Amino acid sequence: MQKLFFGNIKMNQTPSETQNYLKILIDKTKTAKSKIGIAFPYTNLNIANELCKNSNILVGAQNVSAEDSGSFTGEISSKMLAESGVKFCIVGHSERRKLFGENNAIINKKIKRLMQVNIISVVCVGETKIERDANKTKVVLKKQIEECLQGLFENELKNIVIAYEPVWAIGTGETPTTKQVELALQHITQIVHSSFSTTVNPSLIYGGSINESNIKFFISAKACSGVLVGGSSLDPIKFAKISSI
Ligand code: PGA
């Protein structure tokens, strides 16, 4: 199966910087066999879509409003994203949970908004260092997944990618072992199967301090369909290398 390589630009790049970035990335990934998607800041979506039209790069967003429309100053709706050509959206990233107070109930609403317009949700879950040390990884993942996916229909799970992103591995240079990733993904599969049926298998990916040297350990992990890359996706040459593994 085609592996997924998602990049998260976070709050970096102006539209003209995205233009330069994509010129390089599109060129370097022309013959890529994997599925590549980059989540840009809202202001860069138009230029990104324009440039990616005839490439194999999917354009994504990093957030979406939980509301449909109306008096929500500063928010961007799922319909707006869909009309801008967005194909996937990151939801529940640990930075949004920690810095902007997003909880599982809000994330669940956002996923449902994205479902209405057929945008793939890349749902981030993962434990903090304190939770891991207290042996709570499984409990944390169970609560996050059950609450984030609550009320979804089984056939909607095809539009869900679950990104296992241990919070302690994001932007720290610290990573779990391949075995730890495999165990977490195995556990996520069990949670999904107990909430839905055993025939439902959303794509599972790993994210946290991925670079050109360690990508091979994660992409080869059992049940791992791909990766979500932050820092190392900011350099188009590095990211092209990562996604060509
Ligand atoms: P990182 O970020 O690759 O810089 O650790 C991952 C993420 O934020 O998804």
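These notebook entries record what I looked up on three helix pairs and a ligand site.

**Entry 1. The model**

I noted at the outset that the structure is a predicted model.

**Entry 2. H1 and H2**

I began with helix H1, residues 15-28, and helix H2, residues 45-52. I found that their axes come within 9 Å and cross at roughly 25 degrees. Angles under 35 degrees count as roughly parallel, so H1 is roughly parallel to H2. I recorded the crossing of H1 past H2 as right-handed.

I then asked which residues make the contact. On the H1 side I listed Pro-15, Thr-18, Gln-19, Leu-22 and Ile-26. H2 contributes Ile-47, Ala-48, Leu-51 and Cys-52. By class, I entered seven nonpolar and two polar residues for the contact of H1 with H2, with no charged residue.

**Entry 3. H5 and H7**

I turned next to helix H5, residues 104-116, and helix H7, residues 137-148. The axes of H5 and H7 come within 8 Å, and I noted a crossing angle of roughly 40 degrees. H5 and H7 are therefore oblique to each other. Their crossing is right-handed.

From H5, I listed Asn-104, Ile-107, Asn-108 and Ile-111 as meeting Lys-143, Gln-144, Glu-147 and Cys-148 of H7. I entered three nonpolar, three polar and two charged residues for the contact of H5 with H7.

**Entry 4. H7 and H8**

I followed H7 to helix H8, which spans residues 178-195. The axes of H7 and H8 come within 10 Å and cross at roughly 45 degrees. That angle makes H7 oblique to H8. I recorded a right-handed crossing where H7 passes H8.

Which residues of H7 and H8 meet? I found Lys-138, Leu-141, Lys-142, Ile-145 and Glu-146 in H7. They meet Ala-184, His-187, Ile-188, Ile-191, Val-192 and Ser-195 in H8. The contact of H7 with H8 has six nonpolar, two polar and three charged residues.

**Entry 5. The ligand**

I looked up last what surrounds the ligand. Lys-10, His-93, Glu-165, Ala-169, Ile-170 and Gly-171 are among the residues around the ligand. The list also includes Gly-208, Ser-209, Leu-228, Val-229, Gly-230 and Gly-231.

I then asked how far polar backbone atoms of Gly-171 lie from the ligand. A polar backbone atom of Gly-171 is 2.6 Å from an oxygen atom of the ligand. For Gly-230, I noted 2.9 Å between a backbone N or O atom and an oxygen atom of the ligand. For Gly-231, the corresponding entry, again from a backbone N or O atom to an oxygen atom of the ligand, is 2.8 Å.

Technical notes. Residues numbered from 1 in each chain as written. Predicted model: local features only at pLDDT ≥ 70, side-chain atom pairs only at ≥ 80, totals over all residues. Heavy atoms only, no water. Axes fitted to C-alpha atoms, helices over the stretch in contact; angles between N-to-C directions. Helix = DSSP H or I, 4+ residues; strand = E, 2+ residues; numbered from the N terminus. Parallel < 35°, antiparallel > 145°, perpendicular 65-115°, else oblique. Left-handed = near helix turned anticlockwise from the far one by under 90°. Contact = heavy atoms within 4.5 Å. Nonpolar A, V, L, I, M, F, W, Y, C, P; charged D, E, K, R; others polar. Near = heavy atom within 4 Å. Polar contact = N/O pair within 3.5 Å; in protein donor to acceptor, adjacent residues only side chain to side chain.
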